[in-house]
Amino acid sequence: MSEDLHALQRRLAEFAAARDWQQYHTPKNLAAALSVEAAELVEIFQWLTPEESAQVMANPGKAARVEDEVADVLAYLLQFCEALGIDALTALAAKIERNETRFPAVRSARPDRPREGEE
C-alpha cells in the first residue's frame, strides 16, 4: 500500500477540518455513513450470480464503482476510528487472535468424501 492508515487518517482529518466538517463527524453520524456506503457496495452485487460477482472487476465501469465504494467505506471507517481513538490495525490483529482461538483450523472435506473419523 502506498500510504499507511495513520497518514490516510491525517489526510481525512485535514480535509474535514478545511471544510469545517468535524462538527458533523460524531461517532453516530460516521457509523451511519459507514453503513450507507457499505450498502452501496452491496447494491453493486445485489442481483449478480456468484460467477458474475467474481468477474465484476473485469468490467471497467463496475470496477470503478466498486473501488469508489470501497474507498468510501474505508474513509468512513478510518474517520470513525479517529473519532473514538481506535487503532484499526491493532483492533483487527486482536480480533484475528480471538477468532483463531474460537475457531480452530480444521481440514475441510470435499463434499463427496467424509472427514477423518466420519466413515
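Which helix is Gln9 found in? Gln9 is found in helix 1. The views below are drawn from a predicted model.

**View 1. The whole chain is built from helices.** The chain has five helices and zero strands. Read from the N terminus, its elements follow the order α-α-α-α-α. Of the 119 residues in the chain, 15% count as buried. The accessible surface adds up to about 9,300 Å², and carbon and sulfur atoms hold 57% of that area. Among contacts with a separation of 6 or more, 57% join residues that stand 24 or more positions apart.

**View 2. Confidence in the predicted model is given as pLDDT.** The mean pLDDT of the chain is 91. A value of 70 or more is reached by 88% of the residues. Confidence is lowest in helix 1, with a mean of 94, and highest in helix 2, with 98. Helix 2 covers residues 27-45.

**View 3. Gln9 is a buried residue of helix 1.** The relative accessibility of Gln9 is 10%. Gln9 counts as buried because this value is under 20%. Leaving out residues up to four places away in sequence, Gln9 touches Leu78, Cys81 and Glu82.

**View 4. Phe15, Trp21 and Tyr24 make a nonpolar surface patch.** The patch has an area of about 330 Å². Phe15, one of its members, lies in helix 1, which spans residues 5-18. How accessible is Phe15, as a relative area? The relative accessible area of Phe15 is 41%, so this residue is partly exposed.

**View 5. Asp20 has a positive phi.** Asp20 sits in the loop between helix 1 and helix 2. Its phi is near 60°, a positive value in a residue other than glycine. Most residues other than glycine have a negative phi. With 47% relative accessibility, Asp20 counts as partly exposed.

**View 6. Pro27 in helix 2 touches residues far along the chain.** Pro27 is found in helix 2. Not counting residues up to four places away in sequence, Pro27 touches Phe80, Ala83 and Leu84. The C-alpha atoms of Pro27 and Cys81 are separated by 8.6 Å, although the two residues are 54 residues apart along the chain. Is Pro27 buried or partly exposed? Pro27 counts as partly exposed, because its relative accessibility is 33%.

**View 7. Glu37 is a buried charged residue without a salt bridge.** Glu37 lies in helix 2. Which side chain of opposite charge is nearest to Glu37? That side chain is Arg65, and it is 10 Å away. A salt bridge needs a side-chain nitrogen of Lys or Arg within 4 Å of a carboxyl oxygen, so Arg65 at 10 Å does not form one with Glu37. Setting aside neighbours within four places in sequence, Glu37 is in contact with Glu69, Asp72, Val73 and Tyr76.

**View 8. Leu77 and Leu34 are brought into one frame.** Leu77 is found in helix 4, which runs over residues 60-84. Along the chain, Leu77 and Leu34 are 43 residues apart. In the model, 6.4 Å separates their C-alpha atoms. Leu77 has a relative accessible area of 34%, so Leu77 is partly exposed.

Technical notes:
Residues are numbered from 1 along each chain as its sequence is written. This is a predicted model: local features need pLDDT of at least 70, side-chain atom pairs count only at pLDDT 80 or more; totals for chains, interfaces and linings use all residues. Side-chain values use heavy atoms; hydrogens and water are left out. Patches are made of residues with over 30% relative accessible area and no salt bridge: like charges are joined within 9 Å, nonpolar side chains (Val, Leu, Ile, Met, Phe, Trp, Tyr) within 5 Å. Accessible areas come from the Shrake-Rupley method with a 1.4 Å probe; for residues, only the protein chains shown count as cover. Helices (H or I, at least four residues) and strands (E, at least two) are DSSP runs, numbered from the N terminus. Buried means under 20% relative accessible area, exposed over 50%, partly exposed in between (1.4 Å probe, protein chains only). pLDDT is the predictor's confidence in each residue, from 0 to 100. Lys and Arg count as positive and Asp and Glu as negative; His and the chain ends are not counted. Contact means heavy atoms within 4.5 Å.
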